[in-house]
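Notebook open, coffee ready. I'm going to look up a few spots in this structure and jot down what I find.

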Amino acid sequence: SKENVCTVVPFGNIVSRGLNALRIFVCPDFNHRHYDNKIFLYFLNKYILDKSFALIHTFEDFTFNVTCPVILDMPMAHPIYVINKLQKQGIYLDNEIKTIPATLNDAIEQAQIIIAPSMFVKDSLLLAGCNEDKIRLVPFGVRIKRQIDQDYILRKFQKDDKLVFLFMGNVNFRKGITYLLRAWTRLNFKNAELWILGRVYKVLKNFLKKENLN
């Protein structure tokens, strides 16, 4: 209920968006999350100073000096996968990851339960040495009215219906948008549209021009 929701950081949404905008439009290498989290933790520690909790549900950037159980959400793969797997093969996402944040190691160590949305994320945690007994697999959910599979798509094409494929999310290397665009170009559908909704990262715009994938 709304009475149990509090605003920890005054004008926090504006501060967070401002720091992110600085990274997007001015300095791509600016670690906005570091300062965003520092500000949040400063105000959070003041807020929880005189309070007690039965449980804390948090995500990977935060650790707490508490005695109650902590559930940690890991919405994406552990960065050790990028460092040890991708970058060693010369595959770089939106920027090079050189070190694993100490806050992440502390959060994993502190948590009693870690929620992973996919086997890929779970495998990355195991690669980082995480105790498997801590990990719970809870996939992201979506309600689909009908089964969308290969047969369904082929039937749509046979009926000469226009198909609309939708991508929603940040348009960057990490989301694999380049693979989608290359595949779309090769398939060369005659009666289909690809809709892309999301922020196009600056580093990707240069790549799209170079690859002629506009």
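**Entry 1: the nonpolar patch.** I began with strand β5, which gives three residues to a nonpolar patch, the largest share of it. Before going on, a reminder to myself: this is a predicted model. The patch sits on the surface and is made of V164, L166, M168, W195 and L197. Together these residues have about 520 Å² of accessible area. Which elements give two or more residues to the patch? They are β5, residues 163-168, and β6.

**Entry 2: a look at W195.** I picked W195 out of the patch and found it in strand β6. Is W195 buried, exposed or partly exposed? Its relative accessible area is 45%, so I wrote it down as partly exposed. The cut-off for calling a residue exposed is over 50%.

**Entry 3: two faces of α8.** Next I went to helix α8, which covers residues 202-211. I looked up which of its residues are buried and noted L204, F207 and L208. Why do I say these buried residues line one face of the helix? Looking down the axis of α8, I see them fall within an arc of 100°, so they line one face. On the other side of α8 I listed K202, N206, K209 and K210, which are exposed. Then I asked myself what the buried residues of α8 pack against. The partner is α7, residues 177-187.

**Entry 4: positive phi values.** While I was at α8, I checked what comes just after it: N212 has a positive phi of about 55°.

I then moved to N188, which lies in the loop between α7 and β6, with β6 spanning 192-197. Phi of N188 is near 50°, again a positive value in a residue that isn't glycine. How accessible is N188? Its relative accessibility is 44%, so it counts as partly exposed.

My last stop was F11, in the segment before α1, where α1 is residues 12-25. F11 isn't glycine either, and its phi is positive, near 55°. Is F11 buried or exposed? I got 66% relative accessibility for F11, so it counts as exposed.

**Entry 5: quick recap for myself.** In α8, L204, F207 and L208 are the buried ones, and they pack against α7. The loop with N188 runs from α7 to β6, and β6 is also where W195 sits. W195 belongs to the nonpolar patch, to which β5 gives three residues.

Definitions and conventions: Residues numbered from 1 in each chain as written. Predicted model: local features only at pLDDT ≥ 70, side-chain atom pairs only at ≥ 80, totals over all residues. Heavy atoms only, no water. Buried < 20%, exposed > 50% of the residue type's maximum accessible area, 1.4 Å probe, protein only. Helix = DSSP H or I, 4+ residues; strand = E, 2+ residues; numbered from the N terminus. Arc of directions from axis to C-beta. Contact = heavy atoms within 4.5 Å. Patch = residues over 30% accessible without salt bridge, like charges linked within 9 Å, V, L, I, M, F, W, Y side chains within 5 Å. Areas by Shrake-Rupley, 256 points an atom, 1.4 Å probe, with all protein chains shown as cover. Salt bridge = Lys/Arg side-chain N within 4 Å of Asp/Glu carboxyl O.
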